[in-house]
Amino acid sequence: YVAPDGTAAGDGSKERPWSLEAALKPHPMIGPMDTVWVRKGVYNGAFVSRLKGAPGKPVVLRAYPGERVVLDGRGFSPKTVLTIEGEWAWYWGLEITNTDPNRTSTITGNNNPQDRGGGISMAGPNTKVINCIVHDAGTAVGQSKNIPDMELYGTIIFNNGWKGPDRWHGPGIYTQNATGQKILRENIIFNSYWSNLQLYGSANSALNNFRLEGNVNFNGRWLVGGGAPLKNIEAVENMLYGNTAEFSYTNRQNENLTLRGNYFPVFVSAGQGWDRVTAEGNTFLRPGQGGNLIGLTLAEGRALKESVFAGNTYIAGRPEQAVVSVLEPGMTGAKTYSFAAWQEAGFDRDGRLAVYPDGRPPEPKVFVRRNFYEPNRAHVVIYNWPKRDAVEVDLSVMNPQPGDRWTLRNVQNYFEEFETGIWDGRPLKVRVTGWTAAAPVGEEGPLRPATFPEFGVFVLTLERGTARKTALAAAPDLSLPVSDQRI
């Protein structure tokens with residue numbers, strides 16, 4: 001155990017816990033398959049963890065069930081709040097932040113003495129960050145290029161960054177990869193001062209072997225690209241809103257882009273030199289915007305016939321609307337395809353075109369993504385295209401039982417707004433009006449208006465007879481139990 005009043009002289013028991021610094025050195029008593037429970041409270045500092053497990057036997061640093069654990073970097077900028085240097089270690093259920101209200105730098109660029117400092121730096125192989133919250137830091141999560149095989153899972157990332165004299169700075173995720181694979185899975189990223197996702201680097205960087213799965217990205221740029229070639233990029237079952245999906249920048253001769261099962265109500269740009277694209281089972285639409293849905297540029301020496309498009313759904317405002325544009329080597333301008341022409345060219349023979357006025361579906365689209373590590377937790381994503389006051393949500397993927405208590409928390413104002421009730425066996429009727437967005441620390445209002453009623457994202461938790469509470473959803477306030485809080 002670790003506690004705010006713990007010491008290096010403790011023995012790690014509940015009665016004599018360690019300080020966080022002592023545990024992270026690491027303490028010699030901590031080994032593979034151990035769980036270090038972190039008790040509720042605020043831990044102020046810039047922490048470096050060298051916790052080390054063994055292959056297939058990680059050590060786990062985790063917030064104690066039902067308790068809010070906050071690592072606050074206030075006063076330690078430009079240092080990172082939590083730097084992970086060990087290996088085979090998991091970091092679970094922690095809140096990472098910087099409560100310094102000053103968000104303005106007088107120095108241009110990044111990495112300067114007035115930099116806000118990072119939230120989490122993942123610099124250890126075979127490490128995972130699971131179901132954490134990172135907010136109001138500088139760069140929320142950074143991943144080192146030469147460190148392989150890490151996963152960022154189920155983490156909520158918002159309001160990160162600062163203002164400089166040149167521009168605003170601070171992406172939600174900044175990552176590169178040279179060897180092994182990096183996995184970004186089931187994260188919710190929004191309202192960054194700079195891009196939400198920057199899988200990015202100069203011509204000297206490495207941008208290889210990424211799997212982006214089940215992530216929600218809204219109110220901010222999704223950028224996969226840079227100066228170096230991209231290689232083996234998989235985007236699977238992601239959900240975006242209010243931005244573009246960019247799988248290109250200035251890089252050329254990219255290899256192997258896979259898009260599978262994504263929900264893309266945005267323009268999808270694969271605009272810089274791919275050898276082939278495999279797109280299967282995606283939904284492409286741009287409600288209220290019209291225009292082309294996908295842009296594809298092929299690398300020198302490659303041809304469209306080498307790509308695979310199958311089983312995709314295209315939602316358009318009229319039957320003849322262009323859905324795909326392709327620029328092949330030697331062409332002076334891109335060729336656009338209506339859905340019928342696209343099929344005639346040999347693609348999406350099993351695909352589907354849906355035509356609605358203004359390209360806007362008449363029914364809501366709802367996703368419930370059950371958490372792999374905490375089965376009583378899920379992300380609920382609602383695209384309320386008809387702008388109803390409430391939308392029904394089917395919870396069957398959670399296997400709920402009558403009498404289970406549910407808590408539904410608005411991620412845009414996570415610590416203040418939620419609803420709770422008892423499940424009665426019917427779909428949950430979720431209101432999508434009246435919710436707000438939280439202002440960043442030091443700002444008078446939110447970076448961007450709340451996306452309701454058209455779009456909303458929630459964290460759902462269920463409490464059963466013997467179930468442990470989810471730390472981040474069950475105790476948003478350090479002093480009050482959830483039953484004593486109301487919107």
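Contact here means heavy atoms within 4.5 Å. On that basis, and leaving out residues up to four places away in sequence, Gly6 touches Pro17, Trp18 and Ser19 in this predicted model.

**The segment before α1**

Gly6 is found in the segment that precedes α1 (20-24), and with a relative accessibility of 13% it counts as buried, because the cut-off for burial is under 20%. Although Gly6 has the contacts named above, its C-alpha atom is separated by 40 Å from that of Gln401, a residue 395 places away along the chain. Lys14 also has its place in the segment before α1, but at 45% relative accessibility Lys14 counts as partly exposed. Not counting residues up to four places away in sequence, Lys14 touches Tyr1, Arg39 and Tyr64, while Lys14 and Ile382, which are 368 residues apart in sequence, lie 42 Å apart in space from C-alpha to C-alpha.

**The open sheet**

An open sheet is formed by 12 strands, with mixed pairing, in the order β3-β6-β9-β12-β17-β20-β23-β26-β29-β32-β35-β36. At its edges stand β3 (47-49) and β36 (335-338), each of which has a single partner strand, so that one side of each is left without a neighbour in the sheet.

Within β6 (residues 82-84) lies Thr83, which counts as buried at 16% relative accessibility. Leaving aside neighbours within four places in sequence, Thr83 is in contact with Phe47, Val48, Ser49 and Ser121.

Further along the order, the pairing can be followed from β26 through β29 and β32 to β35, as the table sets out.

| Strand pair | Sense | Bridges | One bridge partner pair |
|---|---|---|---|
| β26 (residues 245-246) and β29 | parallel | two | Ala245 and Val268 |
| β29 and β32 (residues 294-298) | parallel | four | Ala270 and Leu296 |
| β32 and β35 (residues 322-327) | parallel | four | Ile294 and Val324 |

Strand β29, which covers residues 268-274, has six of its seven residues buried, so this strand is largely enclosed by the rest of the structure. On one hand β29 is joined to β26 by two bridges, and on the other it is joined to β32 by four. In a regular strand the side chains alternate between the two faces of the sheet.

**Aromatic pairs**

The structure holds 31 aromatic pairs. One of them is formed by Tyr241 and Phe455, which are stacked, with 4.4 Å from centre to centre and 5° between the planes. Since Tyr241 lies in strand β25 (residues 239-241) and Phe455 in strand β44 (residues 455-463), the pair ties together parts that are 214 residues apart in sequence. Both Tyr241 and Phe455 are buried.

Tyr414 and Phe415 have ring centres 5.4 Å apart and planes at 80°, so this pair is edge-to-face, the cut-off for that class being planes over 60 degrees apart. Tyr414 and Phe415 are likewise both buried. A single aromatic cluster is formed by Phe158, Phe190, Phe218, Tyr241, Tyr263, Phe367, Tyr383, Trp385 and Phe455, and the stacked pair of Tyr241 and Phe455 therefore has both its members in that cluster.

**Pockets**

Rolling a probe the size of a water molecule over the atoms shows where empty space is left. The largest pocket has a volume of about 530 Å³. It is lined by 26 residues, and those closest to its centre are Asn110, Asn111, Thr139, Pro171 and Tyr174. By class, the lining of the largest pocket divides into nine nonpolar, 14 polar and three charged residues.

The second largest pocket has a volume of about 220 Å³, and among its 19 lining residues Arg68, His135, Asp136, Phe415 and Val441 lie nearest its centre. Phe415, which is named here, is also the buried partner of Tyr414 in the edge-to-face pair. Strands β5 (69-72) and β8 (95-97) each supply at least two residues of the lining of the second largest pocket, and that lining divides into nine nonpolar, five polar and five charged residues.

Definitions and conventions:
Residues numbered from 1 in each chain as written. Predicted model: local features only at pLDDT ≥ 70, side-chain atom pairs only at ≥ 80, totals over all residues. Heavy atoms only, no water. 1 Å grid on protein atoms, 1.4 Å probe; cavity = no way out; pocket = protein on both sides within 12 Å on 5 of 7 lines; lining within 4 Å. Points joined across faces, edges and corners; volume = space filled by probe spheres on them. Nonpolar A, V, L, I, M, F, W, Y, C, P; charged D, E, K, R; others polar. Buried < 20%, exposed > 50% of the residue type's maximum accessible area, 1.4 Å probe, protein only. Pairing = 2+ DSSP bridges. Phe/Tyr/Trp six-rings, centres within 6.5 Å; stacked < 30°, edge-to-face > 60°.
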